[in-house]
Amino acid sequence: ALLILLATLPGYLGTAATERFAIDMMVKLVFVIGLSIFVTNTGVLSFGHAAFASIAAYSAAWFTIPPITKKVFLPDLPAWVIGTDLGLWGGMAVGVVLAAICGLVIGVAVVRLAGIGASIATLAFLAIVYTTFSHATGLTKGTASLVGLPLSVGLKTATAVALAALAAAALFSASRVGLMLRATREDEVAASASGIAVRSLRLAAFVLSAAVVGASGVLQGHAIGVLSVGQFYLELTFLTLAMLVIGGQRSLSGAVVSAIAISFVAELLRMLAGGVTVFGLAIPQMPGLREVGLAVIMLGVLMLRPKGITGNRELALPPRSGGAGDAESR
């Protein structure tokens with residue numbers, strides 16, 4: 001939490017562009033934290049969580065865009081939805097609940113699979129949602145951009161949601177359910193033989209994970225005021241998985257550290273890709289530098305430090321130094 005607050009300081013002290021970068025970093029952080037709730041505790045990679053962000057983002061937009069705008073751009077919405085305006089938090093509640101319901105439905109199938117089979121199932125779900133939303137012109141504007149979302153997410157709001165997501169993930173990990181889930185991650189057969197309901201626990205983690213990731217989708221739409229189906233597809237999937245793997249996919253601290261670090265690195269690579277001049281030397285434009293650079297970093301971490309930046313350990317405050325009596329007892 002202290003690291004998150006520290007990372008937002010440039011957004012408060014810098015320019016408007018720096019603030020937008022900090023908001024985007026918090027949005028990505030919420031996504032990665034939500035993804036880690038499932039991946040960290042179960043050991044199963046998911047390639048489809050961007051679908052939950054998409055579902056929540058669009059469903060929240062249906063209840064936050066002004067009614068007159070919805071009549072023009074989203075004519076297929078029911079009349080009662082067009083006439084309803086719930087504001088940011090009401091729209092977020094709708095989006096998060098709908099993402100959780102979808103997570104429950106698809107999760108029933110996903111938790112029956114194991115390993116790469118479960119991962120491919122989540123990727124298939126992402127493809128289904130992307131294709132459906134791309135053709136639902138009257139509900140999402142299809143492949144065009146949906147505009148008119150109120151700009152109601154600032155840095156303070158994004159940071160507050162990130163801290164809430166962190167608290168939810170930490171409490172879940174420290175709970176009895178989280179402990180049993182990590183037991184299934186280490187040895188599923190032994191855990192099942194001990195009486196642990198593997199599928200039910202994984203489903204609970206999947207639903208909570210979908211809900212938190214859904215919150216990130218709502219934040220993203222209301223931070224920039226525009227939604228497009230392409231925002232929630234393979235690029236976002238690759239970026240967030242890279243953040244999780246580079247930090248250490250079995251550590252919540254790793255997810256936080258890596259999401260913040262990779263956000264800064266990705267922004268630097270984006271600036272370099274657009275072409276810059278350094279000490280009089282002109283560096284030409286290099287499209288795709290961000291994606292290639294992140295891929296190289298991820299490969300390097302996997303080869304040199306397979307457990308990630310944090311070594312799959314959790315960060316903690318240093319212990320307070322005690323007196324002589326405490327030293328002798330130690």
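## A tour by salt bridges and pockets

Start by selecting Arg 290 and Glu 291: their side chains meet in a salt bridge, 3.7 Å from N to O. Keep in mind as you go that this is a predicted model. Colour the pair by accessibility and you'll find Arg 290 partly exposed, with a relative accessible area of 21%. Glu 291 counts as partly exposed too, at 32% relative accessibility. The cut-off for buried is under 20%, so Arg 290, at 21%, falls in the partly exposed class.

**Into the largest pocket**

Keep Arg 290 selected and add Arg 20, Asp 24, Lys 28 and Gln 220. Of the 21 residues that line the largest pocket, these five are the closest to its centre. The pocket itself has a volume of about 550 Å³. Now show the helices around the space: α3 (16-42), α13 (198-224), α14 (234-247) and α15 (252-273) each give two or more residues to the lining. Put α3 in its own colour, since the largest share of the lining, seven residues, comes from α3. If you colour the lining by class, you'll get ten nonpolar, four polar and seven charged residues.

**Along α3**

Next, hide everything but Lys 28 and Asp 24. The side chains of these two meet in a salt bridge of 2.9 Å, N to O. Both residues lie in helix α3, four residues apart, or about one turn of the helix. An α-helix has 3.6 residues a turn, so residues three or four places apart point the same way. Which of the two partners counts as buried, at 10% relative accessibility? That's Lys 28, whereas Asp 24 counts as partly exposed, at 36%.

**Across to α11**

Now select Glu 186 and Arg 250, whose side chains meet in a salt bridge of 3.2 Å, N to O. Glu 186 lies in helix α11 (residues 176-186) and Arg 250 in the loop between α14 and α15, so the pair ties together parts that are 64 residues apart in sequence. Glu 186 is partly exposed, with a relative accessible area of 49%. Arg 250 is also partly exposed, at 33%. Add Arg 185 to the selection and you have a network of salt bridges linking Arg 185, Glu 186 and Arg 250. Across the whole structure there are seven salt bridges.

**Walking down α15**

From Arg 250, step along to Ser 251. What does a side-chain oxygen of Ser 251 reach at the start of α15? It comes to within 3.3 Å of the backbone nitrogen of Ser 253. Follow α15 through its 22 residues: the helix reaches 31 Å from its first C-alpha to its last, close to the 32 Å expected at 1.5 Å a residue. After the helix, stop at Gly 275, whose phi is positive, near 90 degrees.

**Last stop: the second largest pocket**

Go back to Ser 253 and add Ala 1, Leu 166, Leu 315 and Ala 316. These five lie nearest the centre of the second largest pocket, which is lined by 15 residues. Its volume is about 390 Å³. To see the helices around the space, show α1 (2-7), α10 (155-174) and α15, each of which supplies at least two lining residues. Colour this lining by class as well: twelve residues are nonpolar, two polar and one charged. With α15 still on screen, you can bring back the largest pocket, where α15 also gives two or more residues to the lining.

Methods: Residues are numbered from 1 along each chain as its sequence is written. This is a predicted model: local features need pLDDT of at least 70, side-chain atom pairs count only at pLDDT 80 or more; totals for chains, interfaces and linings use all residues. Side-chain values use heavy atoms; hydrogens and water are left out. On a 1 Å grid over the protein atoms alone, a cavity is a set of points where a 1.4 Å probe fits but cannot get out, and a pocket is an open set with protein on both sides within 12 Å along at least five of seven lines; lining residues have an atom within 4 Å of a point. Grid points are joined across faces, edges and corners, and a volume is the space filled by probe spheres set on the points. Ala, Val, Leu, Ile, Met, Phe, Trp, Tyr, Cys and Pro count as nonpolar, Asp, Glu, Lys and Arg as charged, and the others, Gly among them, as polar. The expected span of a helix is 1.5 Å times one less than its number of residues. A polar contact is a pair of N or O atoms within 3.5 Å; within protein, one must be able to donate a hydrogen and the other to accept it, and residues adjacent in sequence count only if both atoms are side-chain atoms. A salt bridge is a side-chain nitrogen of Lys or Arg within 4 Å of a carboxyl oxygen of Asp or Glu. Buried means under 20% relative accessible area, exposed over 50%, partly exposed in between (1.4 Å probe, protein chains only).
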